[in-house]
Amino acid sequence: MKNWEQYFIQHRPYLVAFAFRMTGSLSEAEDIVQDAFIECAKVDPLEITNHKAWLTKVCSNRALDHLKSAYKRRETYPGTWLPDAVPDSYQLWNSLNESESPDKKLLVNESMTTTFLLLAEKLSPEERVVYLLCEVFEYTFKEIANFLNKTEEACRKIAQRARKALDADGKKFNQITPHAEKLIANFFETAKNGSGTSLVELLAPDSEFWSDGGGKVSATNRILYDPMAIAKFFANLGKTPIFTSAEFKAEFKLVNGLPGFVISKLLPDGSWVFDTIMSFEIAGDKIARIYAQRNPDKLRSLY
């Protein structure tokens, strides 16, 4: 690799974090980054002034090419598509949280939430990459223009369209609150008791429930927007082995920067595997959104 190994070690976490925000898939992000380093073999690192910027350029263009086909595949995805749910304990985001600015940290954290990644799916591949490079990773339009072989003015216009599209949706990104863990634990305990009425009281009036089974495991066939329907679903779920059997365990963890629950299943050989990873968005003292990632292929990418 012509002595690129040191740059691979140094910049890989940042590049995976960038590519994940581009694709919403950890395995795809890792493939893009790996391809970028294969590209390194064609270039002498001594000829590169800024290795991080050069690698960002390569990853940006590979991610653009990837998204053009990925967006089409998602049109025929079985059921509801969700980005990967990645527990924060995997520490993929640490390199992005060095800024001392609270506003910057907020933006960085928001950009890895499931809500943001779903909104980003509505952008064109070019809008997505320009927005991320400009707003989250703080590259100048001159640098972005060089990455994408476009003019600075063209990149500014693309960024404006992206901001307008994201702002038009009107969705708010809810942050971690001190009582989030207690609220979520209460929600699960109430579900175990099978009390739909009590569950409704814990949900915001405009709450949402998204579930991705990838057509391979059970999941809701559609997004639930009605608190009563969400409460009924979880009240029924509370009677199933996932809540009642010792073969399952649930742990509170941060997921994609938000409070979440990781549910694991015990295998006959004594090992534990992920069954469902949930993340929650809290509005005030109510649960506003629940995202459940159950697709075994996506969960397997975390091992």
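Two strands pair if DSSP finds at least two bridges between them. In this predicted model, such pairing builds an open sheet of five strands. The strand order is β1-β5-β4-β3-β2, and the pairing is mixed. Strands β1 and β2 form the edges, since each pairs on one side only. From one strand to the next, the twist averages 20°. In general, strands of a sheet pair through backbone hydrogen bonds, either parallel or antiparallel.

Strand β1 covers residues 203–212. Strand β5 covers residues 286–293. The two pair in the parallel sense, over six bridges. Several residue pairs mark out this match. Leu 203 in turn faces Ile 287 of β5. The bridge partner of Glu 208 in β5 is Arg 289. Asp 212 stands opposite Gln 293 of β5.

On its other side, β5 meets β4. Here the strands run antiparallel, joined by seven bridges. Phe 280 stands opposite Ile 290 in β5. The two strands form a hairpin, with two residues between them. Gly 284 sits in the turn and has a positive phi of about 70°.

Both β1 and β5 are mostly covered. In β1, eight of the ten residues are buried. In β5, seven of the eight residues are buried, so this strand is largely enclosed by the rest of the structure. Helix α11 (residues 227–237) lies across β1, β4 and β5. The helix runs at about 55° to β1.

Ser 211 gives a close view of β1, the strand in which it lies. Its relative accessible area is 3%, which is under the 20% limit, so Ser 211 is buried. Beyond its sequence neighbours up to four places away, Ser 211 touches six residues named here: Thr 80, Leu 82, Ala 219, Thr 220, Ala 292 and Arg 294.

A second serine, Ser 25, is found in a loop. The loop lies between α1 (5–23) and α2 (26–40). Ser 25 has a relative accessibility of 7% and therefore counts as buried. Its side chain makes a polar contact of 3.3 Å with the side chain of Ser 27. Ser 25 also touches Phe 20 and Asp 84, when residues up to four places away in sequence are not counted.

The helices on either side of this loop each pack against another helix. Two packed helices are described by the angle between their axes and the distance between the axes. The axes of α1 and α6 (residues 125–136) come within 10 Å and cross at roughly 140°. Angles over 145 degrees would count as roughly antiparallel. The pair α1 and α6 is therefore oblique. The crossing is right-handed. From α1, Phe 18, Arg 21, Met 22 and Thr 23 take part in the contact. They meet residues of α6 including Pro 125, Arg 128, Leu 132 and Val 136.

Helix α2 packs against α3 (residues 51–75). Their axes are 9 Å apart, at an angle of about 140°. These helices are therefore oblique to each other as well. Their crossing, too, is right-handed. Among the α2 residues in contact are Glu 28, Ile 32, Val 33, Phe 37 and Cys 40. Those of α3 include Trp 54, Leu 55, Val 58, Cys 59 and His 66.

Two loop residues have an unusual backbone angle. Most residues other than glycine have a negative phi. Glu 138 is not a glycine, yet has a positive phi of about 60°. Glu 138 lies in the loop between α6 and α7 (141–148). With 55% relative accessibility, Glu 138 counts as exposed, because the limit for that term is over 50%.

Asn 256 also has a positive phi, near 50°, in a residue other than glycine. Asn 256 is placed in the loop between β2 (248–255) and β3 (258–266). Its relative accessible area is 0%, so Asn 256 is buried. Of these two positive-phi residues, Glu 138 is thus exposed, whereas Asn 256 is buried.

Terms used: Residues numbered from 1 in each chain as written. Predicted model: local features only at pLDDT ≥ 70, side-chain atom pairs only at ≥ 80, totals over all residues. Heavy atoms only, no water. Buried < 20%, exposed > 50% of the residue type's maximum accessible area, 1.4 Å probe, protein only. Helix = DSSP H or I, 4+ residues; strand = E, 2+ residues; numbered from the N terminus. Polar contact = N/O pair within 3.5 Å; in protein donor to acceptor, adjacent residues only side chain to side chain. Contact = heavy atoms within 4.5 Å. Axes fitted to C-alpha atoms, helices over the stretch in contact; angles between N-to-C directions. Parallel < 35°, antiparallel > 145°, perpendicular 65-115°, else oblique. Left-handed = near helix turned anticlockwise from the far one by under 90°.
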